[in-house]
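Work through the exercises below with the sequence and the structure side by side. Try each task before reading its solution.

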Amino acid sequence: RRLDHPHAPCTRSRRSRQHLAATAAVALTVALCIGEPAPLRAAAAATLTLTEAVERALAAGATARLARLERERAAAAAAAAASIYWPRADVSSQAGYTNRLDERIEAVDADGNVREYGLGSLASNEGWFNFVVSQVVFDLARWKQAESAQLEAEVAALRETHEQESASFAVLEAYVEALRARNLLERQRERLARIEAFDARAGALLEAGRCLAGERSEVGLYLEEARLELRAREARAASARSALALLLGEETPAWDAIDADLSRLDQGDFSLPLDRIDAAPELRLLAVRREIERLNVDAARAGRYPVVALGGGYTNYGAYRYDNFVDELRIGIDFQMPLFEGFRRSHEIAGAQKALAAADVRFESLRRAKRVRIETLAAGLDGAERAAALLQERERLGAERVRLATVALDSQHGSVPVALAAQRESDASGDAGVAARLQPVLLRGEILREAGQLTRTLREPAGDA
């Protein structure tokens with residue numbers, strides 16, 4: 001077809017559009033096959049919630065990992081102590097060579113028969129092959145020790161729960177601190193924009209003769225202070241993010257922002273868990289410790305009882321035994337009964353009883369201290385909530401004074417120093433309000449930690465929180 005044909009340009013344009021449409025369809029198909037684009041996938045996980053932070057800390061945080069390893073170690077030790085209930089089998093050998101292997105002596109036995117006996121020490125007592133099986137029949141002291149090891153494993157599990165509570169509260173503190181630093185940073189950015197506008201307005205008022213040069217300089221100094229404070233708050237916000245990431249087991253933050261939703265701990269109908277104090281991991285741990293001390297008393301008393309075990313085995317004494325027997329099969333009983341140990345057992349029993357009494361004192365003391373601590377935190381929570389409400393009202397009044405000072409300045413009835421003082425007061429009350437609104441959350445978290453319920457509250461589904 002000729003290029004100057006009247007339909008040639010339209011045909012070429014139509015083919016170009018068809019080619020572009022086909023290319024776009026292929027690209028769309030490839031994108032759908034690959035999945036969601038990387039920016040979208042990253043945006044889906046860019047915001048970190050408090051629950052996710054706690055989950056990450058308990059999964060990869062150093063504190064939780066150490067507690068988990070300690071629990072597993074204690075469980076392995078308990079399993080090793082329980083081996084006393086199982087029989088024991090051993091294989092040994094003293095096979096070897098001695099230059100006295102051919103030395104022998106002839107003797108007459110009781111029946112008048114002449115026999116040859118080897119004189120070498122090799123395999124005289126232990127054979128070249130020995131197989132021995134033994135089973136403890138009665139050993140009350142070691143049985144009590146095995147029970148104590150089982151309770152030690154339970155203590156390690158409770159200690160892990162306690163460490164989880166501590167790790168959850170540490171995450172809560174770091175999370176709230178990061179949120180506070182972010183809120184203060186956002187307020188400072190908004191404040192800087194307002195002060196820059198106010199600085200420009202003060203310059204215009206200076207040119208119009210409505211303010212003094214010193215007043216204009218005060219506004220400029222406040223602007224420089226705001227810029228310095230912005231850089232300081234940016235550094236504090238970055239430091240808070242890094243501290244939170246460290247608790248989560250991350251070298252650098254793997255999230256862009258944190259969620260401001262703290263509704264799990266920001267409840268108006270918060271009730272004190274005084275009736276659930278005994279379920280706290282620390283008290284449960286001391287209760288198990290008390291049981292361990294009681295078992296130690298029983299184990300000390302059990303030292304006065306006999307130890308009985310059964311044993312048997314087979315021994316082959318190897319070659320060159322001459323007229324000695326080549327092998328033997330043995331079975332017997334091992335009985336040990338302590339009669340006098342220099343009063344050692346009595347002193348051990350007395351010491352174990354003192355340890356049990358000390359365990360009782362520690363349990364009751366911690367129980368009372370925890371109750372007082374929760375009541376003290378509850379009083380502080382009530383005061384913090386009242387202070388937050390007052391600061392919120394003060395913040396509202398400060399904003400109103402700034403508005404009135406601005407209106408007065410516009411109507412030529414106000415002054416720059418009055419407007420600047422109102423701005424400073426409003427900024428100070430606003431910054432104090434940011435911290436005051438987050439303080440009740442920390443106090444609620446600390447109360448729940450004292451009761452051993454913080455981790456469960458932060459990890460349970462939102463509908464059950």
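The exercises go from the whole chain to one helix, then to cores, charges and the surface.

The model is predicted, so local features need pLDDT of at least 70 and side-chain atom pairs count only at pLDDT 80 or more, while totals for chains, interfaces and linings use all residues. Residues are numbered from 1 along each chain as its sequence is written, and side-chain values use heavy atoms, with hydrogens and water left out.

**Exercise 1. The whole chain**

Task: State how many helices and strands the chain has, and what share of its residues is buried.

Solution:
- Helices (H or I, at least four residues) and strands (E, at least two) are DSSP runs, numbered from the N terminus.
- The chain has ten helices and eight strands.
- Buried means under 20% relative accessible area, exposed over 50%, and partly exposed in between (1.4 Å probe, protein chains only).
- Of the 465 residues in the chain, 33% are buried.

**Exercise 2. The length of helix 6**

Task: Compare the expected span of helix 6 (residues 213-247) with the distance between its end C-alpha atoms.

Solution:
- The expected span of a helix is 1.5 Å times one less than its number of residues.
- Helix 6 has 35 residues, so it should span 51 Å.
- Its end C-alpha atoms are 51 Å apart, which agrees.
- Just after helix 6, Gly 249 has a positive phi of about 80 degrees.

**Exercise 3. The buried side of helix 6**

Task: Find which elements the buried residues of helix 6 pack against.

Solution:
- The buried residues of helix 6 include Val 219, Tyr 222, Leu 230, Arg 233 and Leu 244.
- Contact means heavy atoms within 4.5 Å.
- The buried residues of helix 6 pack against strand 1 (47-48), helix 5 (140-207), strand 6 (257-258) and helix 9 (416-450).
- One residue of helix 9 is Gln 423, which is buried at a relative accessible area of 12%.
- Among the residues that Gln 423 touches is Tyr 222.

**Exercise 4. The largest nonpolar core**

Task: Name the residues that touch the most other members of the largest nonpolar core.

Solution:
- A nonpolar core is a set of buried Ala, Val, Leu, Ile, Met, Phe, Trp, Tyr and Cys residues joined through side-chain atoms within 4.5 Å.
- The largest core has 51 residues, and Leu 172, Leu 244, Leu 248 and Ile 258 touch the most other members.
- Helix 5 gives the most to this core, with 16 residues.
- Not counting residues up to four places away in sequence, Leu 248 touches residues including Leu 48, Ala 53, Val 171 and Trp 255.

**Exercise 5. Two salt bridges**

Task: For Glu 229 and for Arg 449, find the salt-bridge partner.

Solution:
- A salt bridge is a side-chain nitrogen of Lys or Arg within 4 Å of a carboxyl oxygen of Asp or Glu.
- Glu 229 pairs with Arg 236, and the closest N and O atoms are 2.9 Å apart.
- Glu 229 and Arg 236 belong to a network of salt bridges that also includes Arg 233 and Asp 427.
- Arg 449 pairs with Glu 446, with the closest N and O atoms 3.7 Å apart.
- Both Arg 449 and Glu 446 lie in helix 9, three residues apart, about one turn of the helix.
- An α-helix has 3.6 residues a turn, so residues three or four places apart point the same way.
- Arg 449 is partly exposed at 21% relative accessible area, whereas Glu 446 is buried at 13%.

**Exercise 6. Leu 310**

Task: Decide whether Leu 310 is buried, partly exposed or exposed.

Solution:
- Leu 310 is in strand 7 (residues 307-316).
- Its relative accessibility is 44%, so Leu 310 counts as partly exposed.
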